[in-house]
Every structure is written in structure tokens, then in C-alpha cells.
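Ever wondered how the labels on a protein picture get decided? Let's take a look at one and ask.

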Amino acid sequence: MRSKLTLMLTPLLVLCMTFSFAQEKTISGNVTDQNGLPLPGVSIVVVGTSTGTQTDFDGNYSINANVGQVLRYSYIGQTTVNMTVGSANSINVQMQEDAQALEEVVVQGYRTASKAKSSIASVTVTAETIKDKPNASFVQALQGQVAGLNIVSNTGQPGAESAIFIRGVNSINGSTQPLFIIDGAYATSDNFRSLSPNDIASITTLKDAGATAQYGNRGANGVIIIKTKAGKFNQPLEIGYRGVIGSTRIQANDYNLADSQEMLRLERDRGTGVGNGLTDAEIAEFTTTEWLDVFFRRGLSQDHSVQLSSGSEKASQFTSLGFFDQQGILQESSLKRFSVRSNVTGRSDNDRFNYGVNISMNYSTSETPTSVGTGGVNQNFILGAFQSVPYLSPDDYTPGDGNLIAPIFRNTPLFLLDKLFIFDSVEEEFRMIGSFNSSYKITDNLTISNNFAGDFAEQKRLDAESSRGFTRQLFAQAGNTTPGQVRKQNTRSLSFNNTTSINWAKEFGKHTVDASAIFEYTKNHYDTFGFFARGTDPKTESPGDGSSFVGDNAANDFFVDDANANILSTGRASYLGILDYDYDTRYGFQGTIRRDGSSRFIGDNKWGTFFAVSARWNIINESFMENSGVDDLKLRASYGTNGNDIIFDQGGFLTNVSSPDLTEAFFATGAGYQGVNSIFRNQIAQPGLKFEEVSQLNVGLDFAFFNSRIRGSVDWYQKETKDLFQFTPVSNINGVTGLNRNFGSLENEGVDLTTTFDVIRKNKTNLTVRFVGNYNKSTVGETPSADGNIDAGFVSGGLFREYYTTRYVGVNPANGNLLFLDADGNTTENPDPDTDRVATGKNIFPELQGSFGFDFNHGGFFVNTTFTYTEGVDRFDNDYANFVDPTNIGQFRLSRDILRAWTPDNRVTDIPSLTLTNQAADTNSDRFLRSSDYIRLRNATIGYGFNEKQLKGTGFTGLRFYITGENVITWSEWRGYDAESTVNTSRRFPTPAIYSVGFELNF
């Protein structure tokens, strides 16, 4: 019986198997958006299986599935589409915008909203914009991308902090940098040396009070919210690799420096230096050393990252591993970084409970040259590269023989070669940033959420200088044969914040109400310990190792070591309420009120209240706009206040704990009369200190025309900072002439403009032109004294940090001295710095800044460019001042410009006599004040990406090659190495030009 049954069932089983196999087939098609444009990167999965794929650059896809199975198409910002496989072998899908999905990507602070319902001034930059930029810090890749966001790199040190301002400068002594939030964790710009740009999904900049007031005393300078990448639900495992190899070099200058022969002849004519007494034949024998090529180099860089992402129905994950290594263009400068990230998201079966865990661990080492920007001839490599006399050679230095170098200025390059040989400066940092967020939907309208985040960092700094070096030998006490030094500093910081919120949202017909109540607590801890060891034995020296330390002895005090330690902490507690109302997506209103308490203040000033109101009118949704040809038109307005409790910013690791106790009086222990240990006053208590307060009014318009080919926004804003923490005169009875107190005001007014134009918008060919612009004017309001502070550039009604100088007008043809104007406009050779200085109408901050560029692609070929520009920036070119200083003849290299100096036979010139008698009057003049406005090709990328059809059969889902140049060329009147800066000091570390080749592979 069993054999008969088997005989009967076998043909049936074979038939079923044959039928089943016959139903599995290849489905292909094309996915487009609501406008019919192809959508690359759409996730397509066979529901209930691990089979999946993505659309290529043209929106095409191919996947194997059985008849009756369901294909799920998902893409951020679009409604998810389910399609059942039938008899057809081709399935084309047109996706539509999903308002709920859009709410996930338009960030308004603690909450989100659809683009149509947003009433704030914000800009979101995605990973696509920054991913090809070869920067150690993603902040540099943001330059020129957001109207009103001014990012300036003041140094070429890899991974160094940039100066970041949103809509001008809001404080004199306090923090001016925006609040950064990384996956819910509060951070400072010091974090970004350790954050891999490859992990970032989006960056949202909040600019007006309608959004920033939600952050109260943290949002005075704007807010930048960083979201890192995450996996997707129902996503098969995807693996990606990105590799970039690059080269860096110093940018060009126009100082026109003299060669050895010109320098030596000049020295001979002046009767000084090596050239004194040399014949023409002897001078001709000298070669010219370009010390720039000795102390600078072509640096190499590499960046590698591997990313894995996947997801099931209820959980998703994203994991990344990264390695970054960049040599700086200056000797002894570098950054090496290892990074690991794991992001996990999940949801319950009923979708009421959602959670996310984000953890990153980063370890970096960096070499940072010391004394950059100073006049240390034995310390500053930049000075040696720029100003060293060209007739000396590296062959004039023997490694280890620094003690044999003669201590004269023209031996500067030899001092610095010796420093390269005997000095070590290394910084290590371990940083861990993590957050855990969760939410539970109690009812359909009521949700409770919590976010806990922390940022832990440990930094170790080592500076070691050998006893054999020139500097240590020069400054050693008589009889000290082991004068080496070691400095070591270990620092830890821990910051954490917890945010608990409850949200209620409900629709009543055309009315929508959304209300939130939030409590937030933040805490910052800082702990540092270090020592300064005097005396190291050259026989056993090893940087950072104590085996060479020489102990103190009774014979002398040569080897007395120093120790230091400090512990600081600050905290904040905040209550926040937000109410949002919308009517029919036509009219909207949002109100925010926040109560902040700060440990930095006491009494009634401990707590501050900040608020904002914002409103919008979606004109496009009015009936009279039908068939108008306008695709979007929305009017926005907001007004609100923020506080700033970091009223004295010490920067770096200290930013979060800066000025923690200025309200208290302190005494310190130290050496008193005849060296006796004594106690003395160290700080005068200022119990009246309080928040600096920033109020801001913003009016904006969002627009789109011609099927959204032209789109953008324009905003006008006006900001005022009150109760500035600044120097205020007090009675001398206090033992001081003044104290920093809350007094005075500062104003910023300007316009932001962003516009995009799709010149060509076809299936395989697209050309988009971009423009970003900001106009800002910063002026000083009330000042502590009637005359203000001219030296600091703070005069009521004047520009912020305006230059007040005597006016230089040229060279006196009669005697070759410098000529100036006095306060009344009369020429003089001897202006009075107290009475003849006048306002110049110039400062170091731009009036106009932004970018323009284009994005072009045809098939897989693509070209992207970004040009950045500034206008209205004026700086003192102190490097040029050194190059034409006649007192440097015989000691440092000079510009050829000095060869046209005034003489009785050359009376009409711009260079004074080499024997001028009023050079000291130049100190307070605008002679070397120059425009550093520029237009720069900030970034240019050209490459090719292969589509899925081209990669069919290779096992790869994506392959992309590209070449990128950064800081390629600059057009500017500025003669120096880098027109970009917010500082006036000379001998700075210029930012480099970077050229790189990139490769991306996905499977």
C-alpha cells in the first residue's frame, strides 16, 4: 500500500516542483519620483525573504522573485510601495512624496516637521554633498554650503578646529561657536577630529530663534544637528568600501622674495651681514635655498572605510570601520585616526515602542608644531620657512650639534633644523560618543520619549626637548649639562545629557495641534593632571619615559620639577514647552518657552527664561494660486531669545567647563615676600554675572517656480546681544582698574539667500547651478565707557572690532620717511597714536560670503564644483611687513620690493628709505592693512559611476571612481599664502591645497 501511495505521489511532487521552479523569474523595471525623474538607491526587497537589491543611477533594477510574492519599494521621503509579482516580467513604479517620511528628515530641533509645515530657517546638507571632500573634519566640507554659516580655517594643521559663526559674531569674550548635537549628544567643534565624515548621513543647521530658542542657553549661536547613518528595516546585508589617496601642498604666494645674490648685494650695500665685504664673484658662488621646501613638504593622506548595513522587519544595524592618515604640509604635523561605529534601531511588534543605540569609538594621534604664529626664531617652523636667509643651506647643520650653532638671527633655519631633530610633540586622544533613545506610544496621540547621551574623551599630550639641542644649551644655567625638558599633560572630560519628553498630537478636521513638554539635564566634568620635568640625561633620553629624569639635589635648583592639576564641572537643568498649530497646511504657528538654570550663576541670575514665536503662511495652498505656475511659495516669520552662559570661553576641552565660578572670590598659594609661602587674592567675586541674551527677528520666503526648476529661500534677520561680558572700568580701590561684567550690546543684521536652478533635467543628463550668499553687518551698540575701547575696536555705533589707525599716505619724496594724516587730514611724519587714530570702516569679518557652483551628470559621468567667496575682509599683512622691514637686512630674507626703496635718485616710490627715521610711527598705521577678499575654487570633483546593468555578473551593486581637488586656485589681492583667516598674526600655518583619487565599491 505504501509503495502504491509513493508511486502515485511521486509524479504529483515532480509536477509541483516543476511548477514552483517555473514561477521563479527575473523581474526588472524602472523607479521614478513624482516628477518622473529616476530615483537611484531605492531599496527593493522580496517581503519575507532576505532577497533584495537597489536601483542604479538611472532608477533601473533587476531581482528574482516568485509569482505571488510581494516586492516592497522604499526610499526616504517617498511613500513605500508594495507590488505583487504576476505574469509580467517588468514592473515600473512611480513613487510619491510621503509627508510622514519627510517629517523624519526635516529637523526643527527636538521635533520634526514636513517641509510644508516648517516655519523656521534651517538648511539640511546630506552625505551626498560632503562625501567626496578629502577633509579630516567634516566641518571644512560644509564651507559655502549653508547661507549664513561662515566657516574659516585658521590653520593647516590636520583635524584642527575651524572658526564657525552663524549669522555673525554674537559675543566678545564668550562662546561664539554653535551648539553641535551628534545623534542626541551635545558636543563642541573639538570633537570633529575624532568623527569620521564617512559616517554622517545629514547635517541640519538651525539659524533663527524659532528653532534655536528650543535650546535656550545653548542655542545663542545657532545649532548644528548631525545625524549619522543607520540601517533600514527589511534590508539585505549591504557592504561598502571607500578608499581615498591624496596629496597636499602649500598654496602659492606673491611676496616675490629675493634670492641669495640679491640679499648679499643688499647686505654689502648696507655694510652688514654675510654680504658685507664680498665681491661680485664671491656672491655669485652662493646658491639659493628655498627654506619653504625644507620645512614644508608634499604631504600624503589616505582614508579608508568599510560600512555594513542590514535590517529585518523589526531591527536594523549600521556598522563602520575607518582609518584616516594625513601628513600635514608642515614638518612634524600629522593626524592618524582609527574609528568604529555601531548604530542599531528597533521596534516592537505593534510598532508602539521604538529604540535606537548609537556608539562610536575613536582613537587618534597627532603631531602638532608648537609656537606657530610667534616670533620664536628657535621655535616657529613657519618663521624659518618664510624668512630664513637663502644663502644658508641644510648642509650647514650637523644633527646633534645644536650646541655649536652661533646664537645670531640669521642662523634661524639652523636653530629650527635642530628642533626638528631633538624635539617631540605628540598628542593622543581616545573619544567615545554614545546615545540611547527610546519612545513609547501610549495612545495614538500620546508619546513619551527619552534620550540619554554622553561624550567621554581622554587626551594625552607630550612635549619633550633633548639636552643636546640648541635651545636647551643656550638657556641652560652655568654648569647645567643636562638641561633637557619634558612636559606631559593628561586630561579627561565627560559630558552627558538626558532629555525626557512627552508629546501629544491630534488632528481635528483641518486643524492639527502638537504639544510637547520636555525636561533636560546636562553635566560636564573636566579633570587634568600634568608635570614639567627639568633635567634629562642625554645618555638615556626617550620621549615620555622617566628613565632619563635628573633628580633635584642640594647643590642647585636646576632640576626642580613642577606639577599641576585642575578639576572643573558645570551643569544645567531646563524645562521646555512647545506648542505647534496648523490649519489645513495653509497657516501655522509655533510657540516655545524654556526655563534654564546654570551652575555658572547664583541667586536670581541662576535661572533665565527664553522664548520664541514663529508663524507661516503657505501661500501656494491658497485657491488663488491654482494654475499660477508657482510650485511653492511660503512666508515665514519668527522672533525669540536665547541665552549664553559660556560668557568666557577658554576653548577646546575647556569649552563646556569654561568660567564655572566667576561669581566666587578665590585665594591662591604662592611665593610671597622673600620667597615665603603666602596666600594672596586670585579672583574678585562678581555675584551679579548673568546670561548674555541674544534676541533675533527673522522673516523668510521659500519659493519654487517652473516645475521646481528654480527653487530656494531668502531670509532677512536682525539680532542683538545684550549684557555682553566685557571689560568695565571700576574704582582703583579694588586694586584693579576694571573687571569683566555684563554690560553693552552687539548687533548683527543681514540677509541669507539660497537658490538652485536645474538648467538641464532629463533622464540621463542633468545640470544644476547653485548659489549661496550671506550679507551681514556687525555693529557695536552700548559700550561700558563713553569713548568705548578703541584698542579693541569697540566704539558705540562702529563696526564690531573695527580698525582704528593712523592713515598712511605714502613716502615723503623729500627725505624718504613715512607720511601719515593726522585727525584733521593734514600730512605729518609723526602722528600721535592717542589723537590721530580714526575709524577705518574696516574689520576682519566679511560683509558678503557664500558659494556658487554646478553639478553635472550624464549617464555615469559626473562633475561637481564649488567656488567660495568673501568680500569685506581686511587684515594686516604682517608677513609682508617683515619682508620689507629694513632692520631685517642681514638677518632675514626680504621681498624684492625693498630693492625699490627711496634714495636721492629714486624719490617717487612706495618703499621708504632704508635709513628712515620714523619707522616706529608705522606701528599704529594702516600701511599694511590689506583686503583679503577672495574667490576660490574650493572643490572640484570629476568621476564616473557604473550602473547595475554594467556591473551585472560581477557581484557588485556599485562602483565609482573620482578625482577631487580642494583649494585648487584662489583669486585675491592678498599676497600671502592663504587669504582665508580671522586672525592678524604673522607666520601662520596656511591651509593646504589637496588633490585626491577616490574609489567606492558596493556589494
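Below are some short questions and answers about this predicted model.

Q: Why is Met 361 called partly exposed?
A: Its relative accessible area is 37%. Buried means under 20% and exposed means over 50%, with partly exposed in between. Met 361 at 37% falls between those cut-offs, so it gets the middle label. You can find Met 361 in strand β19 (residues 353–367).

Q: What makes the nonpolar surface patch that includes Met 361?
A: The patch is made by Val 306, Leu 321, Val 340, Ile 359, Met 361 and Met 432, and covers about 430 Å². Patch residues need over 30% relative accessible area. With 37%, Met 361 clears that bar.

Q: How do you know that β15 and β16 pair?
A: Two strands pair if there are at least two bridges between them. Strand β15 (residues 235–250) and strand β16 (residues 299–311) have 12 bridges, so they count as paired, in the antiparallel sense. For example, the bridge partner of Glu 238 is Ser 309 in β16.

Q: What joins β16 to β17?
A: A hairpin does, through 3 residues. β16 and β17 (residues 315–327) also pair in the antiparallel sense over 11 bridges, and Ser 301 stands opposite Gln 326 in β17.

Q: Why are β37 and β39 called edge strands?
A: The open sheet has 3 strands in the order β37-β38-β39, with antiparallel pairing. β37 (807–811) and β39 (827–828) each pair on one side only, and that's what earns them the name. β37 pairs with β38 (residues 818–821) over 4 bridges, with Val 811 bridging to Leu 818 in β38.

Definitions and conventions:
Residues numbered from 1 in each chain as written. Predicted model: local features only at pLDDT ≥ 70, side-chain atom pairs only at ≥ 80, totals over all residues. Heavy atoms only, no water. Helix = DSSP H or I, 4+ residues; strand = E, 2+ residues; numbered from the N terminus. Patch = residues over 30% accessible without salt bridge, like charges linked within 9 Å, V, L, I, M, F, W, Y side chains within 5 Å. Areas by Shrake-Rupley, 256 points an atom, 1.4 Å probe, with all protein chains shown as cover. Salt bridge = Lys/Arg side-chain N within 4 Å of Asp/Glu carboxyl O. Buried < 20%, exposed > 50% of the residue type's maximum accessible area, 1.4 Å probe, protein only.
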